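This report describes the fold of a single protein chain. It proceeds from the overall architecture to the sheet, the cores and the aromatic residues.

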Amino acid sequence: MGRYTGPKWRIARRLGVNIYVGEEKTLKGKSILDRRPYPPGQHGRTRRKLSYYARQLMEKQKVKYYYGVRERQFRRFYEMAERMKGQTGENLLKLLESRLDNVVYRLGFGKSHRHARQLVVHGHILVNGKKVDRPSYLVKPGDVIEVKEKSRDIPQIKEGMELAQKRGIPSWLELDPENFKGIVKAEPTREEIEIPIEEHLIVELYSK
């Protein structure tokens with residue numbers, strides 16, 4: 001199955017959380033999730049009690065849509081997380097946070113996850129001085145991520161960096177805005193992951 005290309009805010013409303021940070025859609029000055037805080041569709045306003053299995057699936061969908069990964073990629077990351085020391089759920093989120101496209105977004109080179117992925121795929125990003133065009137590439141402490149010199153005049157990159165500095169750069173990253181460069185200082189922390197996720201539900205789902 002390919003990447004989802006349908007109405008993205010329909011998905012955000014169904015999940016009840018903004019999974020498209022940086023691409024906020026507003027209705028008369030308010031977030032669409034504030035104006036329509038209920039699932040889409042004819043029966044969206046009807047209160048429904050979700051089964052435990054449905055909650056597990058929803059948590060998985062939140063993470064998949066937020067990071068923009070497909071089921072096969074997600075399962076591969078989950079299997080990697082299982083083999084690591086520590087809690088599988090936290091390991092999974094830390095691995096996803098370490099994806100190159102996510103780090104490009106966190107540093108502000110991309111205005112959103114989608115924009116960051118596009119920059120990586122189109123060859124605008126260097127890792128340790130070499131072009132890396134694979135969004136799923138996992139960065140590690142000590143890696144230097146920078147925008148290619150010829151790409152630094154792209155207006156969206158400058159806008160993204162301004163937004164990121166207002167939003168705040170995660171403590172595990174360091175940004176040098178003048179040189180369009182970022183350094184991975186440490187592994188990502190669970191506390192700085194923005195969206196509300198109950199990762200233990202994902203672990204339970206895959207443990208069946």
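The following paragraphs treat the model as a whole and then its parts.

## Overall character

The structure is a predicted model. Its mean pLDDT is 83, and 77% of the residues reach 70 or more. Confidence is low over residues 26–30, where pLDDT stays under 50; for this stretch the model has eight contacts beyond four places in sequence.

The secondary structure comprises nine helices and seven strands. Of the 208 residues in the protein, 47% are buried. Among contacts with a separation of 6 or more, 59% are made by residues 24 or more positions apart. The protein has an accessible surface of about 11,800 Å², and carbon and sulfur atoms account for 48% of that area.

## The sheet

Five strands make up an open sheet, with the order β4-β3-β5-β7-β6 and antiparallel pairing. The edges are occupied by β4 (130–131) and β6 (173–176); each has a single partner strand, so one side of each lacks a neighbour in the sheet.

The pairings can be followed across the sheet from β4. Strand β3 (residues 125–127) is joined to β4 by two bridges, and L126 has K131 of β4 as its bridge partner. Between β3 and β5 there are three bridges, with I125 partnered by V147 in β5. Three bridges also connect β5 to β7 (residues 181–184), again in the antiparallel sense. Here I145 has G182 of β7 as its bridge partner, while E146 stands opposite K181 in β7. Finally, β6 and β7 pair in the antiparallel sense over four bridges, and D176 is the bridge partner of K181.

The table collects the number of bridges for each pair of strands.

| Strand pair | Bridges |
|---|---|
| β3 and β4 | two bridges |
| β3 and β5 | three bridges |
| β5 and β7 | three bridges |
| β6 and β7 | four bridges |

Strands β6 and β7 form a hairpin with four residues between them. Within the turn, F180 adopts a positive phi of about 50°. In a regular strand, side chains alternate between the two faces of the sheet. In β7, G182 and V184 lie on a covered face, whereas K181 and I183 lie on an uncovered one.

## Nonpolar cores and helix α7

The largest nonpolar core contains 23 residues, of which L100, V104, F109, I125 and I145 touch the most other members. At least two residues of this core come from each of α6 (100–107), α7 (113–121), β3, β5 (144–147), α8 (155–167) and β6. Helix α6 provides the largest share, with five residues. Another core, of 17 residues, lies apart from it and includes Y67, Y78, I195 and I202.

Two of the residues with the most core neighbours, I125 and I145, also appear in the bridge pairings described above: I125 with V147, and I145 with G182.

Helix α7 has H113, H115, A116, R117, L119 and V120 as its buried residues. These residues pack against α3 (52–67), α6, β3 and α8. After α7 comes G123, with a positive phi near 80°.

## Aromatic residues

The structure contains three aromatic pairs. One of them joins Y66 and Y67 in an edge-to-face arrangement, at 4.9 Å centre to centre and with 85° between the planes. Y66 counts as buried because its relative accessibility is 1%, below the 20% limit. The value for Y67 is 2%, so this residue counts as buried as well.

A second pair, Y78 and Y206, is stacked, with 4.7 Å between the centres and 25° between the planes. This pair links distant parts of the chain: Y78 belongs to helix α4 (residues 71–83) and Y206 to helix α9 (residues 199–206), and the two are 128 residues apart. Y78 is buried, having a relative accessible area of 3%. Y206, at 14% relative accessibility, also counts as buried, because the limit is 20%. Ring pairs connect F74, Y78 and Y206 into a cluster.

Two of the tyrosines discussed here, Y67 and Y78, are among the members of the 17-residue core.

Terms used: Residues are numbered from 1 along each chain as its sequence is written. Side-chain values use heavy atoms; hydrogens and water are left out. pLDDT is the predictor's confidence in each residue, from 0 to 100. Contact means heavy atoms within 4.5 Å. Two strands pair if DSSP finds at least two bridges between them. A nonpolar core is a set of buried Ala, Val, Leu, Ile, Met, Phe, Trp, Tyr and Cys residues joined through side-chain atoms within 4.5 Å. Buried means under 20% relative accessible area, exposed over 50%, partly exposed in between (1.4 Å probe, protein chains only). Accessible areas come from the Shrake-Rupley method with a 1.4 Å probe; for residues, only the protein chains shown count as cover. Rings of Phe, Tyr and Trp (its six-membered ring) pair if their centres lie within 6.5 Å; planes under 30 degrees apart count as stacked, over 60 as edge-to-face and the rest as tilted.
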